[in-house]
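Reader: I have a protein model open and I would like to learn how to read it. Could you take me through it, feature by feature?

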Amino acid sequence: MKEKKSMFKGYVLGILTALLVSMMVVPGFAATVAKTITVYTGVTLYYDGVKVEPKDANGKTAEPLLYNGTTYLPVRAVSGLFGEDINWDGKTQSVYIGDMPGKKTYLADLTPYESRGLSLPDTLTMDGKTYVNCFILGDAALTGSKEYVSWNLNGAYDTLEFDVGHLFANATAKQVIAYLDGQPAEIIDIGAGDKVKHVKMDLDGALRLKIQVEKGSYTGFGNAVLQ
């Protein structure tokens with residue numbers, strides 16, 4: 001299901017961009033234009049082999065459309081199939097699928113109470129994917145010390161998810177340990193040549209979180225989200 005949701009998000013984002021630019025008129029924004037187009041209806045939508053009759057927010061039928069060989073789906077109508085919220089911000093002419101800004105707490109945005117070898121770049125790239133909400137822990141192999149960063153969570157969160165991996169293709173094996181209230185809670189072994197690993201861990205209302213590189217070269221952390 002996660003794979004289907006991910007594919008759906010990418011698909012509807014492209015659809016939304018096309019629809020908003022070509023079919024909407026919003027006063028006060030010079031970038032938007034009105035355009036008369038010819039579309040075709042009669043498309044039947046199925047989800048996992050079951051016929052779906054999409055409805056809009058008012059319960060009215062919202063038909064899929066065909067335009068220039070592309071099928072346009074009513075995003076709000078089908079979002080419920082994937083368990084995602086759809087939100088429209090009229091001030092910025094933005095559509096948000098899933099969480100809106102401010103609804104997630106990123107570790108990179110919290111102020112650590114202590115750290116060693118921590119850097120907070122604007123972006124980092126692992127396995128060809130670029131992360132914006134990210135941080136790096138230094139080269140434990142070079143310094144001979146364990147690089148780490150700690151935060152006070154004050155029992156405010158239940159889960160933590162993040163991607164972790166090598167920053168360089170020739171990096172050696174590394175080990176990362178996440179500590180909750182001083183006790184090891186997650187041990188992550190990353191072999192030489194391993195791809196980025198996705199980690200999800202229960203925080204159980206922990207007061208303090210510490211992420212430490214026990215061994216290995218520079219380690220990247222992306223999209224570390226607290227909920």
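Author: We will go through confidence, a sheet, salt bridges, one histidine and two backbone angles. Keep in mind that this is a predicted model.

Reader: Then let me begin with confidence. What is the mean pLDDT of the protein chain?

Author: The mean is 81, and 81% of the residues reach 70 or more. Residues 1-30 are another matter: their pLDDT is below 50. That stretch still has 39 contacts in the model beyond near neighbours in sequence. Where pLDDT is low, the predicted coordinates should not be read in detail.

Reader: Good to know. Now the sheet: in which order do the five strands of the open sheet come?

Author: Trace them as β8-β13-β18-β15-β16, with antiparallel pairing. The edges are β8 (114-116) and β16 (183-190); each has a single partner strand, so one side of each is left without a neighbour in the sheet. From one strand to the next, the twist averages 15 degrees.

Reader: How many bridges join strand β13 to strand β18?

Author: Six bridges join them, and the two strands run antiparallel. On your screen, look for residues 147-152 in β13 and residues 208-215 in β18. To find your way along the pair, start at Ser150, which stands opposite Lys210 in β18.

Reader: Next, salt bridges. How many does a search of the whole structure find?

Author: The search finds two. One is formed by Arg116 and Glu147, with their closest N and O atoms 3.9 Å apart. Arg116 belongs to strand β8 and Glu147 to strand β13, so this pair ties together parts that are 31 residues apart in sequence.

Reader: Is Glu147 buried or exposed?

Author: Compare the relative accessible area with the cut-off: buried means under 20%. Glu147 has 4%, so Glu147 counts as buried. Its partner Arg116 has 38% and is partly exposed.

Reader: And which side chains meet in a salt bridge at 3.0 Å?

Author: Those of Lys146 and Glu214, N to O. This pair links distant parts of the chain, 68 residues apart: Lys146 is in the loop between α3 (140-143) and β13, while Glu214 is in strand β18. Lys146 is partly exposed at 39%, whereas Glu214 counts as buried at 17%.

Reader: Let me try a single residue. Where is the place of His166?

Author: His166 is in strand β14, which covers residues 159-166. Its relative accessibility is 10%, so His166 counts as buried. For a residue like this, ask next what surrounds the side chain.

Reader: With which side chain does the side chain of His166 make a polar contact?

Author: With that of Lys174, at 2.5 Å. A polar atom of the His166 side chain also lies 2.9 Å from the backbone oxygen of Gly191. Leaving aside neighbours within four places in sequence, the residues in contact with His166 include Met126, Ala171, Thr172, Ile190 and Asp194.

Reader: One last feature: backbone angles. What is the phi of Asp181?

Author: Asp181 has a positive phi of about 50 degrees, although Asp181 is not a glycine. Look for Asp181 in the loop between β15 (174-180) and β16; this residue is partly exposed, with a relative accessible area of 43%. Asn223 is not a glycine either, and its phi is positive at about 50 degrees. Asn223 sits in strand β19, residues 219-226, and counts as partly exposed at 31%.

Reader: Thank you, I will look each of these up on the screen.

Conventions:
Residues numbered from 1 in each chain as written. Predicted model: local features only at pLDDT ≥ 70, side-chain atom pairs only at ≥ 80, totals over all residues. Heavy atoms only, no water. Helix = DSSP H or I, 4+ residues; strand = E, 2+ residues; numbered from the N terminus. Buried < 20%, exposed > 50% of the residue type's maximum accessible area, 1.4 Å probe, protein only. Polar contact = N/O pair within 3.5 Å; in protein donor to acceptor, adjacent residues only side chain to side chain. Contact = heavy atoms within 4.5 Å. Pairing = 2+ DSSP bridges. Axes fitted to C-alpha atoms, helices over the stretch in contact; angles between N-to-C directions. Salt bridge = Lys/Arg side-chain N within 4 Å of Asp/Glu carboxyl O. pLDDT = per-residue confidence, 0-100.
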